[in-house]
Amino acid sequence: MANSTHSSIRRVLSICDDTKAHDFLKHALDASNPSATFPKDEMTELVNGEPVNSNTWSFGLVSVNDWEVAYQEMMEAKKRGLPFCLICISVQMDPWDIVRERIEKIWKLDEAIRCILCLPSVAGSWPMGLSLSRPQQWVVFRMPGIPEEVFQLASYLSASSASLVPWVSDETTTADRNSCMKSASEVLGTPTIAEQQAELALARDELATSKVYVNNVLRSMADSLLVIDANLTIGSVNPSLLELLEYEEDALIGQSPGLIFGEEFAQGSIIENLLLQGSVSGIESSFLTSAGRLVPISVSGSMMQDEQGQFQGLVCVAQDITERKRMEEEQLQLHEKLLDTSRQLGMAEVASDVLHNVGNVLNSINVSIEVVADLLKNSMVGDVGRISQLFHKHREDLDSYFSTNPKGKQIPAYLEKLASQLVQEQQAGIAELDRLRENAHHAQQCVASQQDLAKVTSITEPISVVELMKEAVTANQELVEISQISIVQEFQEVPLLIVDKRQVLDVMVAVIRNACQAMVSVPTKQLVVRGKLIPGPPDSVCLEVQDTGIGIASGDLIKIFGQGNTTKEGTRGMSLHSGALMAKNLGGALRAHSEGIGHGATFSLELPGNFHFPDL
């Protein structure tokens, strides 16, 4: 500038029809007013990188009370080269749509100008719905307010405006004016020290808030949190872990995780899985409390790495599964109790079981009878009689009838078709009669089986477990071959067993048949038959059949030995209920195990070790 006596003027246009608001703005923007002065460090701005005190400029306020007059003032000011850098708009109760249109028109006249919307205290709320095209070039100020705040706000906005111009006098040269314009343009967009400090303080507050939030989340977790540092020592824990293990935090920080994981951690299973896989989920392990008590847990965790992929530690979340383990044990005991109750139903259910099995057979017999009846009703055998009548009627002129009569010509072809149809009917009838015979035979077997089961006496004899199992497989050989099932035999050396061979054979034949039928719809068909000794006392023998069939749902494992239950449709032979009763008569038990649907099943017949040693 030419000299310090030529102060810069920041021209401000006030659009206000309220006298009090006008007087307030005039008072606030008067830099010479003692009430509008600030400490030097608060009134300093950066121009060309150097601090400049506010005493080097002042505000020049022009007030109008009409928008059209305001637009005219702006255009005249631009023509003279003295545009306004700031407009203060007194917004009374005008609709926001009108306010928006007026401000947008201002920016059409001067796109660099800044606006202060002076909102009266009687207004209900800030203009949250006011959307303008230049969000960085307008602010809202609630009136009446503190004059110093208006002065500081106007100082910042006007310093950021490209319309900042110096006061022009006769002594001001063109170079001075250009210098002032250059300094003002360099100010545009440069944050002040106060702004930088405010942003830093805001960032610190946000960081502190985030830290408190994360700490609250960790302390509120119901599951136990354990953070293991890069040197494989305990780095952090949450209150849930301390409460579960009955430790103080100082007693765990810096210690080896083996202190609370016990032998399983020392064996490296958890650490090894985390390091190799990067994460684990649902691994069952146990915590060791300060009192030496083991707490069953389910552990999930992941490995921490920095941006360069370097190992930083492990984060583990453990869930106390004590209650789940207790419920599983109770469920297992209840399962065994229900199975035992089912086996102890006794022979009083024999008659009802016969009705159930025979009833199923009778359903099949009724279906076959209906099929045969429909065949007979719809049979074309009646056409044979009608053709015979035609032959009798034309017996004197059969040659001419077959050769010239339209109906007669069709008889040979129709007889050929009729013969084919009657053959099909005959075959279908024979097939249904075979099914009737099979079902009737099965009904006889069910009755005979239950009658034998009801007998108190039985004939025992020394038998070879291996030979008996092979005989049971042979009895189902046809089904095995049709279904293309591979057989695996696993037999231990077992002494001769004194038992009723016929009853044991009936049970194992039925179990193997059921296993084969369970594998009809699965791709992998393998049957494993085992015979093994279970050392005692008392010694016992286990005959086992394992299949790769459809499996049994956990809820059905309790029901399958009950009366009238079956695991699949179309089952032939002895029911599992009957097999369980027969096993009980033999002094043993028939048991079932399956991991669920799609995982096959295993049936085991356990018999007491009534062994025969011929050499003794």
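**Close-up 1. Val217 and its nonpolar surface patch.** At 40% relative accessibility, Val217 falls in the partly exposed class, because that class runs between the 20% limit for buried and the 50% limit for exposed. This is a predicted model, so keep that in mind for every view here. Val217 sits in helix 6, which spans residues 193–220. Together with Tyr213 and Val214, Val217 makes a nonpolar patch of about 300 Å² on the surface.

**Close-up 2. Arg326 and Glu323 pair up in helix 12.** Now for the charged side chains: the structure holds 14 salt bridges, and one of them links Arg326 to Glu323. Their closest N and O atoms are just 2.1 Å apart in the predicted model. Both residues belong to helix 12 (residues 322–343). They are three residues apart, or about one turn of that helix. How accessible are the two partners? Arg326 has 37% relative accessibility, so it counts as partly exposed. Glu323 comes in at 43%, which makes it partly exposed too.

**Close-up 3. Lys325 and Glu328, another pair in helix 12.** Lys325 makes a salt bridge with Glu328, and here the closest N and O atoms are 4.0 Å apart. For the cut-off-minded: a salt bridge is counted when the nitrogen and the carboxyl oxygen are within 4 Å. Lys325 and Glu328 both lie in helix 12, three residues apart, again about one turn. Lys325 has a relative accessible area of 32% and is therefore partly exposed. Glu328, at 38%, is partly exposed as well.

**Close-up 4. Arg502 and Asp506 bridge one turn of helix 19.** Moving on to helix 19, which covers residues 501–518, Arg502 and Asp506 both lie in it. These two are four residues apart, about one turn of the helix. They form a salt bridge whose closest N and O atoms are 3.7 Å apart. Buried, exposed or partly exposed: which class does Arg502 fall into? With 38% relative accessibility, Arg502 is partly exposed. Asp506 has 30%, so that partner also counts as partly exposed.

**Close-up 5. A salt-bridge network of Glu284, Arg324, Lys325 and Glu328.** Which residues do salt bridges with shared partners join into one network? Those residues are Glu284, Arg324, Lys325 and Glu328. Within this group, Lys325 and Glu328 are the salt-bridged pair from close-up 3, both sitting in helix 12.

Note on methods: Residues are numbered from 1 along each chain as its sequence is written. This is a predicted model: local features need pLDDT of at least 70, side-chain atom pairs count only at pLDDT 80 or more; totals for chains, interfaces and linings use all residues. Side-chain values use heavy atoms; hydrogens and water are left out. Buried means under 20% relative accessible area, exposed over 50%, partly exposed in between (1.4 Å probe, protein chains only). Patches are made of residues with over 30% relative accessible area and no salt bridge: like charges are joined within 9 Å, nonpolar side chains (Val, Leu, Ile, Met, Phe, Trp, Tyr) within 5 Å. Accessible areas come from the Shrake-Rupley method with a 1.4 Å probe; for residues, only the protein chains shown count as cover.
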